[in-house]
Amino acid sequence: MFVSPPLSLSLPDHRRPLSMLCGVALLGLLPGPSATGLVVQGDGMGINVPAAVSDAFGRWGNNAAAVAVAPDWVLTTRHQDSVGSPPDRTVVFGSTSYTAQASDPASVIELNQDLRLVRVTQTDGTPATLTSTLSVYDGIPLTTGTTLTLGGFGPRLGSSGADGFDYAGNLDNTNGLRFGTNVLDGSGTFNNPGNFYNGMAVLASDFDDSGSPESTAGPGDSGGAWLVNTGGVFQIVGLSFAVENDRLDNPATPINEATSTDAFFTQQLFAADTAAFAATINAIPEPGTAAAFAAFSGLLISRRRRS
């Protein structure tokens with residue numbers, strides 16, 4: 001499944017206008033086998049994060065990630081859940097499997113077009129008791145150039161070429177958790193009236209071949225968090241949502257549709273922005289009070305939009 005929206009984002013002058021993009025691929029829906037980690041520039045690159053951070057990342061089904069924000073609630077994207085019939089809603093943290101209650105209206109809080117909170121239970125139906133959780137950043141607005149930490153279970157770095165890298169591993173979320181860094185290049189909204197994602201706030205970054213090693217996202221990384229580190233505290237600023245799928249940077253082949261098996265330099269990647277929902281997400285309660293919170297969540301969001 002592909003979407004091809006023009007984008008309205010604020011980017012530095014050295015970047016071409018994003019309205020020129022011809023293809024954006026949803027990360028959880030790229031074709032590939034149903035079978036480490038985030039693609040990172042430079043052989044053997046990758047970064048270590050505190051265990052409390054990595055332990056908050058889980059695998060959703062066979063093609064996405066979810067991030068624990070409370071002992072029995074996860075934050076994830078929506079688009080990957082359409083894969084499979086019925087969808088695979090097993091969520092695995094470490095070696096423990098849980099069940100996402102995505103079919104229960106009292107256990108789902110839809111935040112925007114591609115962000116949702118979902119309650120998870122143990123396999124016997126009792127509330128999950130996840131011990132590592134992350135909060136959403138609610139500080140001053142991020143500026144261009146802010147260092148971001150990206151996490152995901154998608155394919156790892158493969159062989160390199162003149163303009164990028166092939167993916168290695170599976171084109172899904174079975175490659176093991178990996179983290180890398182990039183920088184914020186801009187933020188804004190998808191602008192495509194009539195498209196399901198029209199008006200969704202997004203963050204944008206690109207995958208460069210110069211300077212410090214950078215990371216990009218690939219198939220299976222949907223729902224993986226983009227994090228900002230403030231004083232040693234890692235907080236969520238967005239979830240991996242999509243990547244550019246058209247090569248417009250090569251003068252010899254100005255429009256060269258990229259395959260789902262590689263990542264190319266100047267590729268842009270996008271995250272669903274969580275800023276507008278920080279208060280709602282960070283207010284998720286302890287197990288046992290989830291139903292009451294879900295009942296009032298719509299009111300909380302409605303009031304915020306009118307303020």
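Two strands count as paired if DSSP finds at least two bridges between them, and strands here are DSSP runs of E, at least two residues long, numbered from the N terminus. This is a predicted model, where local features need pLDDT of at least 70 and side-chain atom pairs count only at pLDDT 80 or more, while totals for chains, interfaces and linings use all residues. Residues are numbered from 1 along each chain as its sequence is written, and side-chain values use heavy atoms, leaving out hydrogens and water.

Q: What is the bridge partner of Asp166 in β23?
A: Start with the strands: β14 covers residues 164–168 and runs antiparallel to β23, with 3 bridges joining them. Across in β23, Asp166 is partnered by Asp262.

Q: Which are the edge strands of the open sheet of 3 strands?
A: The order is β13-β14-β23, with antiparallel pairing. An edge strand pairs on one side only, and that picks out β13 (156–161) and β23 (262–264).

Q: Which strand gives the largest share of the largest nonpolar core?
A: A nonpolar core is a set of buried (under 20% relative accessible area, 1.4 Å probe, protein chains only) Ala, Val, Leu, Ile, Met, Phe, Trp, Tyr and Cys residues joined through side-chain atoms within 4.5 Å. This one has 36 residues, and Phe57, Leu117 and Ile236 touch the most other members. Elements supplying at least two residues each include β11 (115–121), β20 (233–244) and α2 (278–282). The largest share, 5 residues, comes from β20.

Notes: Buried < 20%, exposed > 50% of the residue type's maximum accessible area, 1.4 Å probe, protein only. Helix = DSSP H or I, 4+ residues; strand = E, 2+ residues; numbered from the N terminus.
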